[in-house]
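Here are a few short exercises to work through with the structure open beside you. Try each one before reading its solution.

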Amino acid sequence: MLALIAGAGALPGEVVDRLDDRPLICAMEGFTPDTVTCDIEFPLEQLGSFIAEMKARGVTEICMAGAVRRPVIDPSRIDPATMPLVPILQQALMSGDDGALRAVIGIFEDAGLTVRAAHEIAPSLLPQLGCLTDVCPSKGDLSDADRAAGILRAMGAADIGQACAVSKGQALAVEGIFGTDWMLQSLTQRPDAGGGVLFKAPKPDQDRRADLPTIGPDTVSATVAAGLTGIFIEKGGVIVLQQERVIEECNRLGLFLFVRERAS
C-alpha cells in the first residue's frame with residue numbers, strides 16, 4: 001500500500017490524478033495541502049507514532065510530494081515513539097535542504113518503508129527531451145544554458161538552490177532560500193534591455209526521491225515578467241505541472257521551453 005505525504009502546491013493533486021488507485025494521503029500538521037483531502041494529519045513531534053500508524057494500516061511505500069517549510073519542534077509535544085528520532089530531526093533541521101531530506105528519508109527507510117519519487121509512481125510528470133514549444137532557443141540561448149548548468153553545479157555543491165538566470169554568459173540571479181518565483185520577481189526591475197534564460201535542474205548529487213524542482217504556469221508568467229526569453233530544464237530532473245497549459249502559455253507569450261540532457 002502506498003502513502004502520499006503531501007505538502008503545499010499543485011504537485012500532490014497532480015500525482016493523485018495520475019494514479020489508478022488512491023493512496024493514503026497524509027500531511028504534516030500546519031502544512032495541509034489544498035489540492036487533496038488528507039486522511040491523516042500528524043505533528044512532527046509525533047513522527048514515530050505516525051510511522052507506526054502507517055505500518056498498522058498496511059503501508060509499505062511512501063511518496064513525498066509538495067513543499068514543506070521547516071517547522072519548529074515543541075519539546076513538550078514529543079511522544080515516546082518519536083523521542084529516539086529527536087537527534088536525527090534536530091540535525092536535519094540544521095542541514096541544507098538536501099541534507100534534511102536525506103535524513104528524513106533515512107528515518108522512513110530505517111522503519112522498513114520504501115521511499116518512492118513522485119515521478120517514479122507518475123512518470124508522465126516528466127516531459128520528453130527537446131524543444132516543446134513553437135519558439136526554440138537560439139545559439140546564444142544554448143550557450144547561456146551551458147553557463148547556467150555550470151553555475152548550478154557550483155550552487156549544488158554548496159546545497160544552495162536549483163535555478164538561476166543567465167544572459168550573455170553572465171549570472172543575473174541565483175535561487176536562494178525564497179525560491180524561483182522570488183528570484184524571478186527580483187528581475188522585474190532589471191536595468192538592462194532584457195533577454196537571457198531561466199535554467200532549472202536538480203542539485204548534482206541530490207536524492208531525487210524528494211524535492212525535485214518543478215515549474216508550472218506561474219513560472220511561465222514570472223519568466224516573461226523577468227524579461228527572459230525562455231526556460232531550460234534538465235531531462236528527468238524537473239517536474240512540469242499542468243504540462244499542456246504550460247506549453248500553451250509559452251506559445252502564447254513567445255517563450256521557449258527546452259528539455260536538455262543532463263550535464264555530465
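**Exercise 1.** In which sense do strand S1 and strand S4 pair, and over how many bridges?

*Solution.* Keep in mind that this is a predicted model. Start by finding S1 at residues 2-6 and S4 at residues 61-65. The two strands pair in the parallel sense, over five bridges. For one partnership to look up, take Ala 3, whose bridge partner in S4 is Ile 62.

**Exercise 2.** Work out the strand order of the open sheet and find its edges.

*Solution.* Five strands, paired in parallel, follow the order S3-S2-S1-S4-S5. S3 (40-42) and S5 (114-116) each have a single partner strand, so one side of each is left without a neighbour in the sheet. On average, neighbouring strands are turned by 30 degrees against each other, direction ignored. Next, add helix H2 (residues 47-56): this helix lies across S1, S2 (24-28), S3 and S4, and runs at about 160 degrees to S3.

**Exercise 3.** Classify the aromatic pair Phe 178 and Trp 182, then the pair Phe 232 and Phe 256.

*Solution.* The whole structure holds four aromatic pairs. For Phe 178 and Trp 182, the ring centres are 5.3 Å apart; the planes stand at 45 degrees, so this pair is tilted. Both of these residues, Phe 178 and Trp 182, are exposed.

For Phe 232 and Phe 256, the centre-to-centre distance is 5.1 Å and the planes are 70 degrees apart, making the pair edge-to-face. Phe 232 sits in strand S11 (residues 230-234) and Phe 256 in strand S13 (residues 256-260), 24 residues apart. Both Phe 232 and Phe 256 are buried. Finally, ring pairs join Phe 232, Phe 256 and Phe 258 into a cluster.

Methods. Residues are numbered from 1 along each chain as its sequence is written. This is a predicted model: local features need pLDDT of at least 70, side-chain atom pairs count only at pLDDT 80 or more; totals for chains, interfaces and linings use all residues. Side-chain values use heavy atoms; hydrogens and water are left out. Two strands pair if DSSP finds at least two bridges between them. Helices (H or I, at least four residues) and strands (E, at least two) are DSSP runs, numbered from the N terminus. Axes are lines fitted to C-alpha atoms, for helices over the stretch in contact, and angles run from 0 to 180 degrees between N-to-C directions. Contact means heavy atoms within 4.5 Å. Rings of Phe, Tyr and Trp (its six-membered ring) pair if their centres lie within 6.5 Å; planes under 30 degrees apart count as stacked, over 60 as edge-to-face and the rest as tilted. Buried means under 20% relative accessible area, exposed over 50%, partly exposed in between (1.4 Å probe, protein chains only).
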